Amino acid sequence: MNFNLDSQSRTSGAMRAGVAGVLALLVACEAADRSTVASDGPGNRQPPTGERRCLHYNPERQPLFGDLHVHTVYSLDANTQGTILTPHDAYRFALGERLGIQPYSAQGTALRHTQIARPLDFAATTDHAELFGEVEICTNPDYLEYNAPECVFYREFPDQSFIVFNLAAVGLPELPQFPVPDDAPVIADQPVVGSDGRIPRLPYCGVDGTTCLEAAKTPWRDTQAAAEAFYDRSDGCEFTTFVAYEWTGAPASNNLHRNVIFANEVVPELPPAYQEFPSPEVLWRELSSVCRPEDGCEYLTIPHNSNLSAGTMFETRDRFGAPYTAEFAASRRVNEPLAEIYQHKGQSECLGTMGAGAQDELCGFELLPYNNLTGDRFMGFNTGPPMEQDFLREALKEGLLLEAQLGENPFKYGFIGSSDTHIATPGNVLENDFPGHGGAGMAAGDSVPAGLTDVVEASPGGLAVVWAEQNTRESLFAAMLRREVYATSGLRPIVRFFGGWNLPQDMCAGGNFAAQGYAGGVPMGGDLSAAPGSAAPRFAVSALRDPGAPGEPAQALQRIQIIKGWLENGEKHEAVFEVAGDPDNGAGVDVDSCETSGSGFASLCAVWEDQTFDPAQHAFYYARVVDNPSCRWHAQQCAAAAVDCANPDSVPAEFQGCCDQDFPKVIQERAWTSPIWYRPQP
Amino acid sequence: MLAQLARLVRMLLREPLLHFGLLGMLLYAASALVQIQRLPGTQPIRISQADIEQLTAQWRRDAGRAPTSAELEGRIQGLIDQRLLLQEALRRGLDRSDGVVRQRLIRNMRFIDPQTTATDAELLRMARALNMAASDPVVRGRLIQRLQHRIESAASATDGTILAAATEAQWRYSFEHRYFGSGARPANLQPALTMLEAGQGTAQLPGAQPFALGRTFAGQSAAQLNRRFGSTFRAAVQAAEPGHWFGPVLSNYGWHLVRALPPQRVVIDRGPRRRQELQAARERAYLAQAMQALRAEYRIVVEAGELTELSL
């Protein structure tokens with residue numbers, strides 16, 4: 001989901017609190033739903049047995065690269081911007097096929113083409129479920145409602161309908177429709193008078209939205225058909241797809257979006273959407289009832305762009321304003337083991353402004369300057385500067401705090417990256433050939449606009465990497481549940497990370513790193529066992545640079561860091577440790593030519609012991625692998641156009657972004673591993 | 001006398017039998033008209049000067065300029081295809097068999113005359129007489145799409161053999177290796193190679209480094225090896241004598257000592273994806289073929305200033 005907007009503030013806390021008292025009882029019931037199904041939690045889940053054996057099967061696991069956030073023609077905000085590629089096309093692209101992308105000429109010829117040199121190992125299309133049916137009806141003359149006023153508006157004014165449709169469906173609902181008197185009966189926590197806890201769909205959707213819901217089945221079935229057609233069920237196991245969609249809740253433009261990934265082809269008849277299920281916990285409750293393990297259906301949800309939630313993604317209260325209970329915390333942990341740490345709309349790792357020890361200069365990477373989806377529309381009205389609590393490092397620390405209080409950690413997230421492409425090009429995430437993400441609310445044109453290919457703050461996005469035995473849905477999904485995954489900022493470095501009490505000190509000496517890691521500890525995403533006496537935990541991290549590919553240059557590695565977050569006397573702390581490589585290796589890049597200089601490392605390895613470890617403190621550790629500096633995408637386009645910021649009069653309007661000092665021209669590509677957690681024994 | 005005649009006329013006008021007769025004649029005339037329209041070849045596909053002006057105006061609106069003659073020609077051909085499909089859909093009676101079209105036409109007729117007491121069947125016949133299928137965009141679109149689907153589905157119905165599973169034979173390579181980094185000097189790797197040859201693979205090898213991708217690789221295709229390790233390394237693995245340590249070999253990451261396992265010849269079933277691609281290609285071909293046949297069946301007239309036959 002993209003930048004949508006609105007013009008009012010969020011529902012008042014008082015109103016929510018009023019509702020809270022009435023319905024607080026419900027919370028415990030729904031929170032328990034799924035945690036009872038998988039009471040052992042994803043972290044303990046073992047790889048599936050009895051599935052087919054691929055030719056490339058590796059019991060010590062292998063890193064598989066993919067993109068789990070892809071929009072196609074079925075997403076309204078992609079379609080209104082000229083995207084006509086389908087999930088089938090998206091999968092072709094992921095496999096390395098060259099695709100024509102928007103804009104198109106009047107005869108329907110694509111004016112641009114794009115391609116990745118290295119196919120992905122897996123992908124999932126995640127179109128917005130909310131407007132599936134609405135888009136289908138307005139773009140298919142088969143429907144009687146094709147000529148409904150809303151649809152005529154949709155086709156004639158894509159710019160405006162992007163805003164109106166999004167507001168009506170996913171942005172507006174939590175805004176009071178008009179002042180609600182204190183004693184008015186509020187049927188649910190949604191103060192939309194007349195609703196039954198649902199958000200009304202547009203009039204052409206008919207009574208209870210049935211027409212749109214029925215129409216939604218067509219794109220949803222095609223999504224499934226594409227996933228089936230492109231899933232390699234041969235022993236070659238070259239490509240895996242997942243049936244998936246995006247649940248697109250953004251009350252008042254504050255982003256709560258979740259991608260919902262299904263484990264296999266057994267999926268609900270319709271994807272539960274925000275209008276009918278307007279909060280994450282209601283979504284999980286619905287998913288757990290329409291996607292049951294006993295029917296062969298399994299799912300997980302992945303929140304993204306917490307950086308744009310204006311403090312709401314990791315709220316420590318439920319939708320009624322009640323504090324977390326242990327059951328509710330467990331429900332969240334079980335339902336969403338992963339979070340997207342980086343994509344087109346920036347990183348959600350850290351802001352680096354709050355908490356003891358927070359002084360991480362690398363938090364400035366791809367940091368969006370606002371805190372919700374409104375972005376810089378309306379000169380900053382309805383948004384503000386980014387908030388620390390919207391970033392995963394802070395959420396992870398908050399999770400430790402809740403774990404100390406409740407015995408359950410609701411924010412136990414592994415990290416993936418993805419693109420959030422709105423032009424149906426999964427894995428098209430490199431700085432040097434960024435066609436724009438196509439989701440910033442710009443209308444479809446029939447010529448390629450001059451200048452930068454996107455707003456300057458947008459990013460090409462990242463990749464999800466999964467350590468799995470083989471490239472199958474079963475193996476990948478199991479790895480995602482146990483969080484043995486990491487994120488990259490678009491390149492393909494290889495990173496292994498283990499933590500344990502018995503890891504050999506000489507793990508970097510050339511022995512079998514993986515075998516030693518699994519034998520003496522747990523991989524990324526895991527939990528350290530109970531502390532044996534006074535020992536300190538040891539962490540081993542090994543990384544290989546991305547060698548790049550023709551047309552896809554990559555820099556050498558510069559360093560590896562381990563980031564620790566912990567609780568001390570009930571306070572949240574963090575620290576960044578340099579464990580390998582050299583931050584002062586002198587590598588650099590000339591932003592005028594984008595020529596890089598200096599040397600780096602093809603591989604790095606470190607075994608690090610936490611000397612400050614206290615067995616009574618809750619803690620997590622993750623590794624960050626940082627490349628030598630290179631030119632950001634906009635710097636490359638500015639250099640190619642020979643933009644001279646020293647001579648402002650010479651800079652064309654469409655290249656003004658080149659001279660915006662707020663956006664550094666140099667970046668350091670990176671990878672973030674999922675954390676390893678430690679909790680004291682009670 | 002005049003008064004008598006007037007009374008007779010009034011009486012006749014009140015006579016239901018006469019109403020029935022008149023209505024019948026009207027319907028007969030209407031259906032005759034439809035019959036004429038449905039005779040192939042007799043009703044030419046006519047692209048009027050007004051059509052061309054509309055296409056040009058639409059182009060101007062979309063592109064902000066007038067179309068070139070080639071661009072306009074493309075648009076005209078597209079319009080001809082649409083009209084051919086519509087005409088053919090009507091000839092095949094798809095308008096009578098499709099629920100959506102029927103509903104739409106009936107709704108239109110009731111909209112035109114809200115007081116009408118005519119039955120659905122009568123309204124449908126009148127709609128046909130008015131050639132409403134051509135003027136209503138929903139009906140038109142629906143009929144064209146229905147016929148397209150029908151033609152395309154004939155592609156899968158008549159030719160199953162070509163859709164059989166597509167399989168491909170490939171070599172797959174498996175190997176074990178040790179990694180010595182990008183800065184290693186090849187000459188210094190001899191001691192490690194000697195140890196590996198002597199079966200001391202589990203020992204600490206001088207100069208060895210961890211390799212995050214692991215030590216063993218199974219079932220790799222040549223393309224996979226190329227992408228990950230580079231073509232030099234791939235070629236070395238392909239040429240290796242299985243079971244023996246050799247090297248050093250340079251990859252994208254640095255220097256390796258390698259022992260290849262016997263390569264496997266495997267047959268990969270491209271299955272659903274290949275079938276889907278083949279099916280899509282066949283459907284496109286069928287549709288193109290069908291359009292060609294339709295063009296031969298109908299007379300096509302394009303008015304360009306004055307009425308001229310379009311050479312096809």
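User: Which residues of helix α8 in chain A are buried?

Analyst: In α8(A), the buried ones are A:Pro280, A:Glu281, A:Val282, A:Leu283, A:Trp284, A:Arg285, A:Leu287 and A:Ser288. "Buried" takes 20 or more other C-beta atoms within 10 Å of the residue's own (12 or fewer is exposed, in between is partly exposed, and C-beta atoms are placed from the backbone). Keep in mind that this is a predicted model: local features need pLDDT of at least 70, side-chain atom pairs count only at pLDDT 80 or more, and totals for chains, interfaces and linings use all residues. Residues are numbered from 1 along each chain as its sequence is written, while chains are lettered from A and ligands numbered from 1 in the order in which they are written.

User: What makes you describe α8(A) in terms of the rest of the structure?

Analyst: Eight of the 11 residues in α8 (residues 280–290) of chain A are buried, so the helix is largely enclosed by the rest of the structure. Helices are DSSP runs of H or I with at least four residues, strands are runs of E with at least two, and both are numbered from the N terminus. Chain A has 13 helices and 23 strands, and 57% of its 682 residues count as buried. Chain B comes to 13 helices and eight strands, with buried residues making up 27% of its 312.

User: Why is A:Ile676 called buried or exposed?

Analyst: Buried: A:Ile676 has 26 other C-beta atoms within 10 Å, so that cut-off is met. A:Ile676 is found in strand β23 (residues 676–678) of chain A. Not counting residues up to four places away in sequence, A:Ile676 touches A:Gly499, A:Val522, A:Met524, A:Gly526, A:Leu528, A:Phe620 and A:Tyr621. Contact here means C-beta atoms, placed from the backbone, within 7 Å. A:Ile676 and A:Gly525 are 151 residues apart in sequence and 5.2 Å apart in space, C-alpha to C-alpha.

User: And which class does A:Glu568 get, and why?

Analyst: A:Glu568 has 15 C-beta neighbours inside 10 Å, so it counts as partly exposed. A:Glu568 is found in strand β16 (residues 557–568) of chain A. Leaving aside neighbours within four places in sequence, A:Glu568 is in contact with A:His573 and A:Gln617.

User: What makes a set of residues a nonpolar core?

Analyst: The set must be buried Ala, Val, Leu, Ile, Met, Phe, Trp, Tyr and Cys residues joined through C-beta atoms within 7 Å. The largest such core has 206 residues, and those with the most contacts inside it are A:Ile261, A:Val466, A:Val485, A:Val495 and A:Ala543. A second, separate core has nine residues, including A:Val589, A:Cys594, A:Ala635 and A:Phe655. Beyond four places in sequence, the contacts of A:Ala543 include A:Val495, A:Leu557, A:Ile560 and, over in the other chain, B:Ala212.

User: How many residues does each chain bring to the contact between A and B?

Analyst: 42 residues of chain A are in contact with 40 residues of chain B. Elements giving two or more residues to the chain A side are α7 (210–230), β13 (494–500), α12 (513–520), β15 (538–544) and β20 (603–609). That side has 22 nonpolar, 12 polar and eight charged residues. Nonpolar covers Ala, Val, Leu, Ile, Met, Phe, Trp, Tyr, Cys and Pro, charged covers Asp, Glu, Lys and Arg, and polar takes the others, Gly among them. The model scores ipTM 0.84 and pTM 0.79.

User: Why are α11(B) and α12(B) given the label they have?

Analyst: The axes of α11 (residues 222–229) and α12 (residues 231–239) of chain B come within 7 Å and cross at roughly 140°. Axes are lines fitted to C-alpha atoms, for helices over the stretch in contact, and angles run from 0 to 180 degrees between N-to-C directions. Under 35 degrees is roughly parallel, over 145 roughly antiparallel, 65 to 115 roughly perpendicular, and the rest oblique. The two helices are therefore oblique to each other. Their contact divides into five nonpolar, three polar and one charged residue.

User: Where is confidence lowest in chain B?

Analyst: In strand β8 (residues 306–309) of chain B, at a mean pLDDT of 41, against a high of 97 in strand β5 (residues 255–260). pLDDT is the predictor's confidence in each residue, from 0 to 100. The score stays under 50 over residues 305–312 of chain B, and also over residues 32–41. The mean is 80 for chain B and 85 for chain A. In chain A, pLDDT is below 50 over residues 1–47 and over residues 172–195. Where pLDDT is low, the predicted coordinates should not be read in detail.

Note on methods
Contact = placed C-beta atoms within 7 Å.
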